[in-house]
Amino acid sequence: MIASSVVVYVLEVRFDYNGKEEALYPVILKNKHQMILVDCGYAGFLPLIEDAAQKQGLSLQELTGVFITHHDIDHLGGLAELKNSYPALAVYAPVIEASYISGKEKSVRLMQAESLFESLPENQKSGALYFQEMLKNVQSVEVDAVFTEGETFMEGVKIINTPGHMPGHVSIYLPENQTLIAADALVIEHDEFEIANPAFTLDLGAAVESVKKLKRLQIKRMICYHGGVTEEGIDAKLAKLISRYPRPPVL
């Protein structure tokens, strides 16, 4: 944690995925009047998030809201369970993502999965169908308020539009303590930054431009949903990531 009017708690949520231990890093933002969870894992993850919060001395009973950065299943799959268990909390989302979270529009990730299905090798199709069913089974939840670039759901917190991974993807910036909650704008792999699942990023060019945008911020602490927290060499690591994705030549 860094001293600030908004206290940042990084939750470590460990789980088994196909026989391999994985981890997600949701965040809780807390001030005198609000306690907001940023992203909430897969369906069935509520007990894991409750346990991770308790390890930080927090109870989800104190939550006033949840902010969903984008509608990928590992970020919102557990939203309906969370809302059912804590019905008083408000649901916040980026303006472009809200219609997918509330079920008013079909998941972009599901449309992508369906469009790629026929091109997959036969030995991958059963897993791909299972993934499609997971996406179809995500329960929609009404969004109470939407936000976009520069707006805030909490004093001292700013929304940064970071499209690419998803059209309406956002990151969250705390200028006072120079902390960035990247969500899936980038991930940490082997102590380096990388684009999250570049092969399945909806718009890779936009994702790289979003990283360039983040590099213009003063960031002392980077929190990635996949990979956790780093405070070392952030600017250099961002520059290195950008250099791996040079702009294609104009023909």
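These legends accompany close-up views of a predicted model.

**View 1. The stretch that carries a domain annotation.** Let us start with the record: UniProt lists residues 23–226 as "domain: Metallo-beta-lactamase", in an unreviewed entry. In the predicted model, the C-alpha atoms at the two ends of residues 23–226 are 7 Å apart. Helix accounts for 30% of this span and strand for 22%.

**View 2. Helices α7 and α8 packed together.** Here helix α7, residues 204–215, meets helix α8, residues 234–243. Their axes are 10 Å apart and make an angle of about 155 degrees. Angles over 145 degrees count as roughly antiparallel, so α7 is roughly antiparallel to α8. The crossing of the pair α7 and α8 is left-handed. On the α7 side, the contact is made by Val211, Lys212, Leu214 and Lys215. Helix α8 brings Asp235, Leu238, Ala239, Leu241 and Ile242 to the contact. Sorted by class, the contact of α7 with α8 has 6 nonpolar residues, 3 charged ones and no polar ones.

**View 3. Helices α5 and α6 packed together.** The partners in this view are α5 and helix α6, the latter spanning residues 122–136. They pack with their axes 10 Å apart, at an angle of about 155 degrees. The two helices α5 and α6 are therefore roughly antiparallel to each other, and α5 passes α6 in a left-handed crossing. From α5, the residues making the contact are Arg109, Leu110, Ala113 and Glu114. From α6, they are Phe131, Gln132, Leu135 and Lys136. By class, the contact of α5 with α6 has 4 nonpolar, 1 polar and 3 charged residues.

**View 4. Valine 108 and the residues it touches.** Staying with helix α5, we zoom in on valine 108, which belongs to this helix of residues 108–116. Is valine 108 buried or exposed? Its relative accessibility is 10%, so valine 108 counts as buried. Setting aside residues up to four places away in sequence, valine 108 touches His71, Tyr100, Met166, Pro167 and Leu202. Alanine 43 is 65 residues from valine 108 in sequence, and their C-alpha atoms are 19 Å apart in space.

**View 5. Isoleucine 36 within strand β5.** This residue is found in β5, a strand of residues 35–38. With a relative accessible area of 0%, isoleucine 36 is buried. Which residues does isoleucine 36 touch, not counting those up to four places away in sequence? They are Val27, Ile28, Leu29, Leu63, Thr64, Gly65, Val66, Phe67, Tyr92, Phe153 and Met154. Isoleucine 36 and valine 7 are 29 residues apart in sequence, with 11 Å from C-alpha to C-alpha.

**View 6. Serine 99 in helix α4.** Serine 99 has its place in α4, which covers residues 98–101. Its relative accessible area is 17%, and because buried means under 20%, serine 99 is buried. Leaving aside neighbours within four places in sequence, serine 99 is in contact with Lys104 and Glu105.

**View 7. Alanine 183 and histidine 190, two residues with positive phi.** For backbone enthusiasts, alanine 183 has a phi near 55 degrees, a positive value in a residue other than glycine. Alanine 183 is found in strand β11, residues 179–183, and is buried, with a relative accessible area of 3%. Histidine 190, also not a glycine, has a positive phi of about 55 degrees. Its place is the loop between β12 (187–189) and β13 (192–194). At 79% relative accessibility, histidine 190 counts as exposed.

Definitions and conventions. Residues are numbered from 1 along each chain as its sequence is written. This is a predicted model: local features need pLDDT of at least 70, side-chain atom pairs count only at pLDDT 80 or more; totals for chains, interfaces and linings use all residues. Side-chain values use heavy atoms; hydrogens and water are left out. Axes are lines fitted to C-alpha atoms, for helices over the stretch in contact, and angles run from 0 to 180 degrees between N-to-C directions. Helices (H or I, at least four residues) and strands (E, at least two) are DSSP runs, numbered from the N terminus. Angles under 35 degrees count as roughly parallel, over 145 as roughly antiparallel, 65 to 115 as roughly perpendicular and the rest as oblique. A crossing is left-handed if the near helix is turned anticlockwise from the far one by less than a right angle, and right-handed if clockwise. Contact means heavy atoms within 4.5 Å. Ala, Val, Leu, Ile, Met, Phe, Trp, Tyr, Cys and Pro count as nonpolar, Asp, Glu, Lys and Arg as charged, and the others, Gly among them, as polar. Buried means under 20% relative accessible area, exposed over 50%, partly exposed in between (1.4 Å probe, protein chains only). UniProt positions are given in the numbering used here, feature names are shortened, and annotations may be inferred rather than shown by experiment.
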